[in-house]
Structures are given as C-alpha cells and as structure tokens.
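Here's a quick briefing on how two chains sit against each other, and on a small sheet in one of them. Have a look at the model first.

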Amino acid sequence: MTGTAGLVGYLLLVGLVAPALLRRASWPQRAPGSAVLVWLGLMLSFVTALGLVAHHLVEPERHLHTGLLGFLHACGLVHVGGLGLSAASAAVLPPAAVLGWPLGWYGAVLLRARRARLEHLAGLELVARPAGAEAVATVAVGRVRAVVVEHGVPAVYCLPGRRRRIVLTRGALDVLSPEQLRAVLAHEHAHLTGRHHLVRAAVEAFARAFPGLPLGAAARVETAALLEMAADDRAVRRHSARALAGALGAVAAGLAPGVGLAAAGSPVVARVRRLLLPARGPHRLVRVAVAAAAAVAPLVPFLFACGPTGA
Amino acid sequence: MRRLGELEAEIMDRLWSWGRPATVREVVDDINRDRPVAYTTVMTVADILYGKGLLRREKQGRAWLYEPTGSREAYTAALMQEALGASQDRSAALAHFIREISADEAEVIRRLLDEHPAGGDRP
C-alpha cells in the first residue's frame, strides 16, 4: 500500500502545489508555448496517477513488476495472470472509468464548441461580408477567409474548424492602422494554425471533469493567457511588436468598459507589457528540456506504482 | 448547387434592404436578375427563416407576405453580443483578440503605450 500512499501524495502535489507554484513563476510569460505544455503535462499526469490509484484500490495485492506487460497492466489495459473474466473486468473498470471520464468531457466540450461555432457561422452568413475592400486583410492571412461585420464595437476573433475564418467588425477596422491590422490578423492566424482551440477544449474538459480542483481552475485561466501570448509571439516574428501592442490598446479602448468584465482581470495588460518590453526567452535547450519534462510527466506516477516502494 | 445558407443570406439581404413586406415571387424575381433560382427553393428557405424566427409572415390573398422580425443592425448586434459574451462553450469555440477588459486596465495599457513610444521593435 506504500505505492498507493505515494500516489495520493503525488496527486496532492500535482493537483494543488504545482499549479500554485507555476502560477507564481515568471518564466511562463517568457516561454508561453513551453508553459502550455507543462500545464498539459500536469493534467495528464494527474489523470494517470488517479487511474493508478483506482487500479491499486481494486487490486492492492498484485505485483506489477513485469516489464511492458506490467506497465500496460498498471494502466488497466492488459491483464496478467489467470483472472476470470468477471474478476478481470471488475479490476479494469475503475481505472478505465477514471481515464474515460475526462476523455468523455473532452468529446463533449469539442462537440458543444462545434455546435456553437456552426450556429454562429450560420448567423455570420446572414450579415458578414467578405473582407474584399480591405484587401490588406486577405493578403496578410493567406488562405483563411476574413469577413467583416457591420458593428461599431471593435472586435476581432477567429473560428477554427473546417470552415475556419477570421471575423473583423467595422469598429475594429476603424480603429486599427493597416500595420496594426496585419499584426492582429497574424495573431488570429497563429491561433488557427496552432490549433489552439483543441488545447483550450482539453483544459476546459479537465476543469469540468474535476470541478473544484485547483489544477483545473488555474490551468483554465493560465493556458488561455499563455495561448494569447504564444499567438502574439508568433505574430511579431513577421510584424511589428509595437503595432500589435498598439492594436491591443486601440481595441481595448474601443470596447465598452466592463464588457464581460473578468473577476481575475484580463491578461491584456501583461501582453502589452511583454510586447513593449520584451525579455529574452529561455535558451532553446531549456525549452526542449521543459517540453521533454512535460512529455514525461504523465509517466511519473508509474514510478510510484512500479518503483521499489511500489505494490 | 449553392449552399442553403447562401440563399438564406440573399433573401434576408433583400428583405432588410427593401424595408417592407414582400412575397416569395418578388424575392425570386429579384434573385433571378443575377442567377436562376427555383420558386419552390426560395419558398422552402423562406419557410426555414420563418421557422428560425428571422421572418414573420402574413397571408395576403393566396400568397404569404414575408418581413424580417428585426432590423439588420439589431440582428448583427445580437450576434456580436453573443460572440463577445462570456459563455464557456463560446470561449472554446471562438478565439478573441481581446475578450474582456475593464476601464482601469484599458487606462493602464494607454499609459504603457505612451511611456514606451518606441518600445517593442528591435532597431
């Protein structure tokens, strides 16, 4: 049972302590892409550990040191030894349920987002016009369709998916200079090509699957901000950072104050600050190491299950 | 074949611009000036728009007179309100350049931009 105790400790570490530390760290803003990977790694690791705890609870006596088979066994994927069918399914069900629960949420969140998107697209079809006159827009975004909606409040957003497009309001076109507009479009384009909506949906699914868990709540807020920063970074590779910061300022000034005011504050101030006062990002090797650590994190719980103190 | 949504847009566009009730025949004739379209197709799509609550209708003789339930501006405003709204489903669906901001934050951003007139770009 020491393995189970270790796993529970690990769950507390990943579910409570790690998010608090990561939120306070300053490096994520300098390497937003890597930081997103770390949040995803933590969430996956949490689910793996929870699955292993479920497995240990139903089968505390079984020894797990049997190489690859044991490894799969620990996931509840393969069963070693001559368990009867009913016993086997009884042992597999709890861990499978633990893994299936957030996966099911992921599917549900993706479906709901898709439905909301199609509904919105249908509405757009009635009032949006192709951004033809604003030729600058179409050139800058390549093959993604940009459309304009006659609405005074400045807003720019993109709809991912098969019928992906970038939506600009007349209000946004009025307040943005051509240079700022190009930077904004590059930002939205980065969201689309980076498939950021899939990451947002995964985080949303995790937060809904484990309501009240600090890891989910923190990841929801932080990854949303980090993805914006990642898209900003992508945009300023080919466009002026000053123009992008100016665009943020112009759109912010045009939004009705307090529109959907976030209690936690919006990350826009931090985005402007890092665009105007860029800090050097971590060395590439550090970023690779962080990404590798994030990729390995989901496997760490197996150390508790299969390590010397395990089982 | 064109998508149904496009025809919906063409019908709404005309009724919004005309600003008066019109029959399916009038809409068909007007679309036919650009391209051929079948009367029954337009009738079906007008019925769909009625079902969606975008059009209201009134019998005049043997034909229905259709009219938008709201102005184009009101429809656009509602659509944008929905896009800028705070629904979680929506947030996963759309990626906003800026989703929400307080007046204080907008002011901080304005000051930052003033204080760093040349900030950001490498020389």
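Chain A and chain B bury about 4600 Å² between them, counting the accessible area (1.4 Å probe) that both lose on being put together, summed over the two. Carbon and sulfur atoms give 65% of that area. Bear in mind that this is a predicted model, where local features need pLDDT of at least 70, side-chain atom pairs count only at pLDDT 80 or more, and totals for chains, interfaces and linings use all residues. Residues are numbered from 1 along each chain as written, chains are lettered from A in the order written, and side-chain values use heavy atoms, with hydrogens and water left out.

**The interface**
- Chain A puts in 63 residues and chain B 45, contact being heavy atoms within 4.5 Å.
- There are 0 salt bridges between the two chains (Lys or Arg side-chain nitrogen within 4 Å of an Asp or Glu carboxyl oxygen).

**Strands across the chains**
- β3(A) and strand β4 (residues 95-96) of chain B run antiparallel, joined by 2 bridges; strands are DSSP runs of E, at least two residues, and they pair if DSSP finds at least two bridges between them.
- A:C158 has B:A95 as its bridge partner in β4(B).

**The sheet in chain B**
- Three strands make an open antiparallel sheet, ordered β1-β3-β2.
- β1 (22-23) and β2 (55-60) of chain B are the edges, each with a single partner strand, so one side of each has no neighbour in the sheet.
- β1(B) pairs with β3 (residues 63-68) of chain B over 2 bridges, and B:T23 has B:L65 as its bridge partner.

Key. Helix = DSSP H or I, 4+ residues; strand = E, 2+ residues; numbered from the N terminus.
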